[in-house]
Each structure stands twice: as structure tokens, then as C-alpha cells.
Amino acid sequence: MRAPAARSLGGLEVAQASADLTVREGAAGVEIQGGEAALMDAARGITLRNQGPLVVRREPSGVRLVRGRAEFSVNHRQPGAPPAVVLVSGGAIEVMGTRFTVEERGEGGAVTLHEGAIAFRRHSGGVVQVRLGQTLEWPVAEPAEPAPPEPAPPEPERPQPLASPSRKTASSRVSPTPVRAPSAEDVLRELEVLRGRHEFEQAARYLEEAMRKQPVATRERLSFELGSLLTYQLKDAQRACVHWARHEQQFRRGHYAEAVQRARGTLSCEGRDREAER
């Protein structure tokens, strides 16, 4: 990363940029097509670093992540000061000073808190507090109204105890408690810790191992995270293209189909596939 000459894109200052940065301004906002950059909203104290292609836009009420994944850092707010706001499809992330990662997929997304404290405000006005290390996904379901408590059933009459036998019974053996596999939320929390340390290869190996122990319902998300690591952090085109091909076979019409196609286009996977067939 290098410090470029003074430059502003859509009201956001380009604080740092890689030599291969490809960026343009459009109707949707600032679109980073390749490379890495740190964009800063100096007035609000918000800095974001892209993790792959993204579209971001500065709005009167905050910075909107239109599409893609980015790590945000926000200057600490003084007591009584209004929070900085990161706008997403499901609502708004209100920040008093922290570091967190946001992924926006158009109709949903997720935020993971690394440091500090944030709150997620739904469009309806409800607020969800996000704890340190927690990943919150949207759309966020509205809390259901508690059902009225059912009357307690009458307590059955207790039978009279029988006389205990004179001889001792053999003690029953207690079966060992099986070790519970980590939940998808546990895996994603550990993944963001490794990402924050820039231990990308260790994070990839951790995901490969964790995926084997997860049910099909959560395996797609972990597979997508692994592909993103290989594509944007490790920049290993050969491993990434093989992984994305396997991902598309396992999860046809999956939740991340558009993002997978963008990643494959970034890596020119179709050209590599044709060369491998020759």
C-alpha cells in the first residue's frame, strides 16, 4: 500500500492505495474493481479498507456500503456525541468508536465486531446490540411477542416408596459426554480474529477443517469465506479457482452466486479452466 497524491472520490479521501488499484465513480458510488485502498470520510472519522471488489457511497447521514466487503475503523466518540453511521441494506450500524468488518450482499449481509461497541438499527427502529467478537446477519428478524404462560399442570400424587433391598445394586456407568463441534458463529468469530491478525493461511486451514464438522445448512457460508480468503487475501488463483468450481457444484443456486461469479471473473477462472482442458 502507498500514499497517493491528494485525491478524492465521491467525497471520500483516498488515504492509501495499492499499485494495481482500479477504481471509478458511477451513479451507484465509488466502485473498486481491483487492488486495495483505504478510503476516509474525514469529517465523520470513518476509514474503510476493501476486501475485494466493492461499491461504497457517501450519503448525508453516513457512509453506505452498497455491495462488497470492507473493514471499517471509526475514531472514538466523546460522551454525548452522535455516533458514526454505516448504512447497509438491512438498516444502519451505529458506531461510537471501534473496528469491525461489514459484508453487504444486496438483500442481506453481516457485521463482525473486532473492537469497541456497535449497535444495529433496523429500518423499523428496533436496535440490536452487537457484542465483541459477535457476527450479526441481516435481515434481522423482529422479536416475537412472548406467548402467555400456560397454567401449570396439577402435581401428581407421589407413590409411597418401596422398601429398599438389603443387597447393594451395582453402580451404573455414566457415559462420557460427546465433544460438541463448534457452531458456525464460533467458527466465524475465530476466523475474524485470524483475519484481523493477517494470519490468512492459518485461517484457510482452519476453515477447511471446520467445514468437515458442519451441517450442510452452514457449510455454504464457510465455503464462501474460504473462497474469499483464497481470492482476495492469499491471492492464490489456482487454489481459489479449484475451490470456486467445487463450491458451485455443491451449492447450485446458492446465496452467494453473484459474489462467486465476481470472484471467478477477478481470477479469470474460465481462461484457466480452458488451459487445463488442453
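# Reading a predicted fold, feature by feature

Me: Does Ser124 count as buried or exposed, and how is its relative accessibility read?
Reply: The general idea is to compare the accessible area of a residue with two cut-offs, where exposed means over 50% and buried means under 20%. At 55% relative accessibility, Ser124 therefore counts as exposed in this model, which, it should be said at once, is a predicted one. Ser124 sits in the loop that runs between β10 (109-122) and β11 (127-130), and its C-alpha atom is 9.9 Å from that of Gly90, a residue 34 places away along the chain.

Me: Which description fits Gly97, buried or exposed, and where is Gly97 placed?
Reply: Gly97 belongs to strand β9 (residues 91-104), and because its relative accessibility is 19%, Gly97 counts as buried. Leaving aside residues up to four places away in sequence, Gly97 touches Val74, Asn75, His76, Gly116 and Ala117. A separation of 7.5 Å lies between the C-alpha atoms of Gly97 and Ser73, although the two residues are 24 apart along the chain.

Me: How many helices and strands does the protein have, and what share of its residues is buried?
Reply: The secondary structure comes to six helices and 12 strands, and of the 278 residues in the protein, 42% are buried. As for contacts between residues at least 6 apart in sequence, 43% of them join residues at least 24 apart.

Me: How is a pair of packed helices to be read?
Reply: Two packed helices are described by the angle between their axes together with the distance between those axes. In this structure, helix α2 (residues 200-211) and helix α3 (residues 216-233) have axes 10 Å apart and pack at an angle of about 160°. Since angles over 145 degrees count as roughly antiparallel, α2 is roughly antiparallel to α3, and the crossing in which α2 passes α3 is left-handed.

Me: Which residues make the contact between α2 and α3, and how do they divide by class?
Reply: From α2 the contact takes Phe200, Ala203, Ala204, Leu207, Glu208 and Met211, while α3 contributes Arg219, Leu222, Ser223, Glu225, Leu226, Leu229 and Gln233. Sorted by class, the contact of α2 with α3 holds eight nonpolar, two polar and three charged residues.

Me: What are the angle and the distance between the axes when α3 packs with α5?
Reply: The angle between α3 and α5 is about 25°, and their axes are 11 Å apart. Angles under 35 degrees count as roughly parallel, so α3 is roughly parallel to α5. The crossing of α3 and α5 is left-handed. On the α3 side, Phe224, Thr231 and Tyr232 meet Ala259, Val260, Arg262, Ala263, Thr266 and Leu267 of α5, and by class this contact of α3 with α5 has six nonpolar, two polar and one charged residues.

Me: Which cysteines form a disulfide, and how far apart are their sulfur atoms?
Reply: The idea is to look for cysteine sulfur atoms within 2.5 Å of each other, and the count here comes to one disulfide. Cys241 and Cys269 form this disulfide, with their sulfur atoms 2.1 Å apart. Cys241 lies in helix α4 (residues 237-250) and Cys269 in helix α6 (residues 269-277), so the pair ties together parts that are 28 residues apart in sequence. The torsion about the S-S bond of Cys241 and Cys269 is about -85°, which is why the disulfide is left-handed. Cys241, at 5% relative accessibility, counts as buried, and Cys269 is buried with a relative accessible area of 0%.

Me: What is the phi of Lys235, and where is this residue placed?
Reply: Lys235 has phi near 55°, a positive value in a residue other than glycine, and its place is in the loop between α3 and α4. With a relative accessibility of 53%, Lys235 counts as exposed.

Me: How should Ser268 be read in terms of phi and accessibility?
Reply: Ser268, a residue other than glycine, also has a positive phi, near 55°, and is found in the loop between α5 (257-267) and α6. Its relative accessible area is 45%, so Ser268 is partly exposed.

Me: Is the peptide bond from Trp138 to Pro139 cis or trans, and what is its omega?
Reply: The bond from Trp138 to Pro139 is cis, and omega is near 5°. Pro139 itself belongs to the loop between β12 (135-138) and α1 (184-196).

Technical notes: Residues numbered from 1 in each chain as written. Predicted model: local features only at pLDDT ≥ 70, side-chain atom pairs only at ≥ 80, totals over all residues. Heavy atoms only, no water. Helix = DSSP H or I, 4+ residues; strand = E, 2+ residues; numbered from the N terminus. Buried < 20%, exposed > 50% of the residue type's maximum accessible area, 1.4 Å probe, protein only. Axes fitted to C-alpha atoms, helices over the stretch in contact; angles between N-to-C directions. Parallel < 35°, antiparallel > 145°, perpendicular 65-115°, else oblique. Left-handed = near helix turned anticlockwise from the far one by under 90°. Contact = heavy atoms within 4.5 Å. Nonpolar A, V, L, I, M, F, W, Y, C, P; charged D, E, K, R; others polar.
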